[in-house]
Amino acid sequence: MSDLFNILSLSSSAMAAQADRLRHVSENIANADTPGYQRKTAPFEQVVEQGQKTGAVQSGPVELDQTPVRKVFDPGHPMAGEDGYYDSSNVDIMVELADAREAQRSYEANLKMFDQARQMSTSLLELLRR
Amino acid sequence: MDIRSANAAIGYASTRPATAPKPEVSGQSAGGKVAQAFGSFAQELQQSESVAQAGMTGGADSQSLVQALAQTELAVEAAVTVRDKVVEAYQEILRMPV
């Protein structure tokens, strides 16, 4: 029974991590046109409690993508330099969309595991009721 | 064969210890375990209650709220099933023809 309860908390931690990841993706997409914005990522890491790995996952500290920002030619832009270029963000919408889809699929997988553990323990108790 | 009321009383008294619970079962181990189980059950309920409160006020995310509620549901279901079994067994004993 405690194994099944553990599955519930592990799946819940993974779902929280994926939701956090999707939040960073939406931040990146929202700031895709912000001048000088650097793409944010939060790599996942294992949860360690009292020196022991619990098997749960969490999103780690936020890191800024260090790839150079796009140069956009727009002489009318207020931030444009002498040559008519200004620094845009380094967000690639395609990469963000793929990341969002991956987060969605992973969330669904964890939700399925959650539901399965719940169904298993419910049917186990159903056995006693007859 | 002498059948007297005193004999019956003595016989009854001599069989009474058979129905008394064994000390090593009822004393520390089994009773303690049951108490422990109910303690952890109450703890589970309390924990999920606080998480549910935090979820309502925006302190916890929805995943942990759902997890706490599902865990409580399973714990309550387990406790109710065990209680039903115990009551059923007791009623079975009461129905025994004497």
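How many bridges join strand β2 of chain A to strand β3 of chain A, and do the two run parallel or antiparallel? The tour returns to this hairpin after a view of the whole. The model is predicted, and the predictor assigns the complex an ipTM of 0.75 and a pTM of 0.75.

**Chain A as a whole**

Select chain A and colour by secondary structure. Two helices and six strands appear, and along the sequence they follow the pattern α-β-β-β-β-β-β-α. The radius of gyration of chain A is 22 Å, well over the 14 Å that the globule rule gives for 130 residues, so chain A is more spread out than a compact globule. Rotate to the principal axes: the C-alpha trace of chain A spans about 80 × 35 × 15 Å along them. Of the 130 residues in chain A, 16% are buried. If contacts between residues at least 6 apart in the sequence of chain A are drawn, 58% of them join residues at least 24 apart.

**The hairpin of β2 and β3**

Next, select residues 44-49 and 52-59 of chain A, which are strands β2 and β3. Five bridges join the two strands, and they run antiparallel. To check the register, label Gln46(A), which stands opposite Val57(A) in β3(A). The hairpin has two residues between its strands. Now centre on Gln50(A), in the loop between β2 and β3 of chain A. Gln50(A) is not a glycine, yet it has a positive phi of about 50°. Is Gln50(A) buried or exposed? Gln50(A) counts as exposed because it has 5 C-beta neighbours inside 10 Å, and the cut-off for exposed is 12 or fewer.

**Helix α2 of chain A**

Move to residues 93-129 of chain A, which form α2. At 1.5 Å a residue, the 37 residues of α2(A) should span 54 Å; the end C-alpha atoms of α2(A) are 54 Å apart, so expectation and model agree. Show side chains for Tyr107(A), Asn110(A), Phe114(A), Ala117(A) and Ser121(A), which are buried in this helix. An α-helix has 3.6 residues a turn, so residues three or four places apart point the same way. What covers the buried residues of α2(A) includes α1 of chain A together with α3 of chain B.

**Chain B and its helix α3**

Bring chain B into view. Its secondary structure consists of three helices and zero strands, in the order α-α-α. Of the 98 residues of chain B, 10% count as buried. Colour by confidence: chain B averages a pLDDT of 81, and 85% of the residues score at least 70. Where pLDDT is low, the predicted coordinates should not be read in detail.

Select residues 62-94 of chain B for α3. The 33 residues of this helix should span 48 Å at 1.5 Å a residue, which agrees with the 48 Å between its end C-alpha atoms. Buried residues in α3(B) include Gln63(B), Gln67(B), Ala70(B), Gln71(B) and Leu74(B).

**Where the chains meet**

Finally, display both chains and select the contact between them. The contact takes 13 residues from chain A and 11 residues from chain B. On the side of chain A that touches chain B, α1 (2-30) and α2 (93-129) of chain A each supply at least two residues. Which element gives the most to this side of chain A? That element is α1(A), with seven residues. By class, the side of chain A that touches chain B has seven nonpolar, four polar and two charged residues.

Methods: Residues are numbered from 1 along each chain as its sequence is written. Chains are lettered from A and ligands numbered from 1 in the order in which they are written. Two residues are in contact if their C-beta atoms, placed from the backbone, lie within 7 Å. Helices (H or I, at least four residues) and strands (E, at least two) are DSSP runs, numbered from the N terminus. Ala, Val, Leu, Ile, Met, Phe, Trp, Tyr, Cys and Pro count as nonpolar, Asp, Glu, Lys and Arg as charged, and the others, Gly among them, as polar. The expected span of a helix is 1.5 Å times one less than its number of residues. A residue is buried if 20 or more other C-beta atoms lie within 10 Å of its own, exposed if 12 or fewer, and partly exposed in between; C-beta atoms are placed from the backbone. The radius of gyration is taken over C-alpha atoms; the globule rule is 2.2 Å times the number of residues to the power 0.38. pLDDT is the predictor's confidence in each residue, from 0 to 100. Two strands pair if DSSP finds at least two bridges between them.
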